[in-house]
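Me: I have a structure to read and little practice. Please take me through its features step by step.

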Amino acid sequence: MKIVIVGAIAGGSTVAAQIRRAVPDAEITLFGRDPLLGYGTCGMPYVIGGLIEDKSKLVGSSPEKFSEQRDINVQLKHDVLSINRDNKTVEVRNMETGQTFTESYDKLILSPGGTSRIPDLKGLGDLPLFTLKSFKEMEEIIDFIDREKPQSCAVIGGGFIGIELAENFALRGIKTTVIERNERIMNIMDPEISEVLGKEMTDNNVEFYFEDAIERIEDKRLIMKNGGNLEVDFIAASLGIDLNTQLAVEAGLHIGPTKGIVVNSFMQTNDPDIYTIGDAAECKDWFTGKPKNVKLAWHVHRQSFIVARHLAGNPVEMNGLLGSTITKLFSLTAAMTGHSAKSLSDEGIEFDTSVYEGRTNAGYYPDHGQILLRIHYDRESRLVLGAQAVGDKGIDKRIDVIATAIMGKMTIDDLAALELCYSPAYSSPKDPVNMVGYKAE
Ligand SMILES: Cc1cc2nc3c(=O)[nH]c(=O)nc-3n(C[C@H](O)[C@H](O)[C@H](O)COP(=O)(O)OP(=O)(O)OC[C@H]3O[C@@H](n4cnc5c(N)ncnc54)[C@H](O)[C@@H]3O)c2cc1C
């Protein structure tokens, strides 16, 4: 079986390795535009901030080693230009030589990710503007900071990557202002959680312009729509990504309402010989079965496994997605799984919320911390629908337990009965997860 993979970072490199294990005799070719293979995208903000000192630690295998160890034909700096579904071929351009050639496939796997949105700002002129999606973009930011020693910056967008960037600029001693068109950062989470995160940023000298946007730029001065202005040395835009679906669109693959490429539970598109994984794939929501696009790394890895098993003739299905996610912000951690209060209201689902705010572990233990844990559950069935937490420690554990509870179709009352481990360093005899269950009772 001849397999061609498009995109060679998170999904592409993972699915290639998975297929090699699942289908030992497959002939695998991997094309990627990027000059690197499968690096740790998620670590990039921390290289910028200096927490990860050696950027090369993000880079996994060299293409040569990867090819040799797994017998995979890795072709980096190669752009796949088009798909001919009738002939089962792709047209590829070698980005170094400019030469194009045709490659045939039995099965084609797309993991093309997305491209950072660039704001259209009047008067950008000489004010440098950066985005962070690739290793090269990360290097550009680091080179600029090292060379120009900027004193101030504006981060446009207060989502996950925007706040991680803001944190890391601030840690480099750069006066950082976040510009967010909504009334708060991280509006994917409940307002009560965002508020704690916003305060943590303010406490660490990050400033905000909420419900505002840049109207125009004059020299280095940002003139805001609401009348304010600020001077910065550079801008980092974190406005999300546009999915790289052009190839798929031109090949007649179905695009769904989330703008992702529609796939079934085996990650096949409407052409059963073409699969899509990663950021560009439109899957289903765990609860509602409605289209859902999640741009996170766990999903890419699971989807790679699903494709490999399907190709091996030993299929397992992709579950609906919860969108479990976590982030670190200065000394805090915030995480969520499943639905937020807003997404439940948008879906018209009747729910109640149980809240625990208190210690993460025994108060007499020296490094005890604080946690705010919110769980939403169905008013009728009492099934857990979503949870969010913010605090000092053990946030990952609580949200992961609740993600497991959701997938096990547990009710809020079952949470009180969960037998969880306890020692003063980690928890209390009634863990915060138990507590939300008791409170709901
Ligand atoms: C700064 C940052 C931090 C992140 N942090 C986290 C985190 O903490 N946790 C988490 O879960 N997720 C995180 N993510 C998200 C995670 O990195 C993505 O979900 C994941 O990389 C998506 O994998 P992918 O294979 O779909 O796309 P990518 O990894 O983006 O790879 C797509 C590749 O395909 C190439 N390509 C596209 N079209 C073609 C073509 N026609 N021909 C050849 N090549 C093509 C692209 O150039 C790109 O190199 C982060 C992302 C960023 C940018």
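The dialogue below goes from domains to ligand to single residues.

Me: What should I know before I start?

Reply: This is a predicted model, in which local features need pLDDT of at least 70, side-chain atom pairs count only at pLDDT 80 or more, and totals for chains, interfaces and linings use all residues. Residues are numbered from 1 along each chain as its sequence is written, and side-chain values use heavy atoms, with hydrogens and water left out.

Me: Which domains does the protein chain have?

Reply: Domain bounds come from an automatic or database domain assignment. Here the assignment gives domain 1 (2-44 + 57-114 + 241-311), domain 2 (118-237) and domain 3 (331-440). The C-alpha centres of domain 2 and domain 3 lie 31 Å apart. Their contact (heavy atoms within 4.5 Å) takes eight residues from domain 2 and 14 residues from domain 3.

Me: How many residues surround the ligand?

Reply: A residue is near a molecule or strand if one of its heavy atoms lies within 4 Å of it. In this model 27 residues surround the ligand. The closest are G11, V80, S111, D279 and A297. Domain 1 and domain 2 each give at least three residues to this shell.

Me: Which helices and strands supply the shell around the ligand?

Reply: Helices (H or I, at least four residues) and strands (E, at least two) are DSSP runs, numbered from the N terminus. Around the ligand, α1 (10-22), β4 (78-84) and α8 (297-311) each supply at least two shell residues. The largest share, three residues, comes from β4.

Me: What kinds of residues make up the shell?

Reply: Ala, Val, Leu, Ile, Met, Phe, Trp, Tyr, Cys and Pro count as nonpolar; Asp, Glu, Lys and Arg as charged; the others, Gly among them, as polar. The shell around the ligand divides into 12 nonpolar, nine polar and six charged residues.

Me: What polar contacts does S111 offer the ligand, and how do I read them?

Reply: A polar contact is a pair of N or O atoms within 3.5 Å; within protein, one must be able to donate a hydrogen and the other to accept it, and residues adjacent in sequence count only if both atoms are side-chain atoms. An N or O atom in the side chain of S111 is 2.7 Å from an oxygen atom of the ligand. For K133, a polar side-chain atom lies 2.9 Å from a ligand oxygen. L296 uses its backbone: a polar atom there is 3.3 Å from an oxygen atom of the ligand. Taken alone the ligand exposes 1,000 Å², and the protein buries 89% of that. Such accessible areas come from the Shrake-Rupley method with a 1.4 Å probe; for residues, only the protein chains shown count as cover.

Me: Is Y275 buried or exposed?

Reply: Buried means under 20% relative accessible area, exposed over 50%, partly exposed in between (1.4 Å probe, protein chains only). Y275 has 1% relative accessibility, so Y275 counts as buried. Y275 is found in strand β19 (residues 274-276). Beyond neighbours within four places in sequence, its contacts include K107, F266, V307 and L311.

Me: Where is D79, and which side chain does D79 pair with?

Reply: D79 sits in strand β4. D79 is buried because its relative accessible area is 13%. Its side chain makes a polar contact with the side chain of R33 (2.8 Å). Leaving aside neighbours within four places in sequence, D79 is also in contact with E91, V92, R93 and M95.

Me: What does the side chain of T327 contact?

Reply: T327 lies in strand β22 (residues 325-329). At 4% relative accessibility, T327 counts as buried. The side chain of T327 makes a polar contact with that of E164 (2.7 Å).

Me: What about loops? Where is L420?

Reply: L420 lies in the loop between α11 (412-416) and α12 (432-440). With 26% relative accessibility, L420 counts as partly exposed. L420 and D431 are 11 residues apart along the chain, and their C-alpha atoms are separated by 7.2 Å.

Me: Which phi value does D71 have?

Reply: D71 has a positive phi of about 55 degrees although it is not a glycine. D71 lies in the loop between α3 (63-70) and β3 (72-76). At 58% relative accessible area, D71 is exposed. K259, another residue other than glycine, has a positive phi near 75 degrees. K259 is found in the loop between α7 (246-250) and β18 (261-262). K259 counts as exposed, at 61% relative accessibility.
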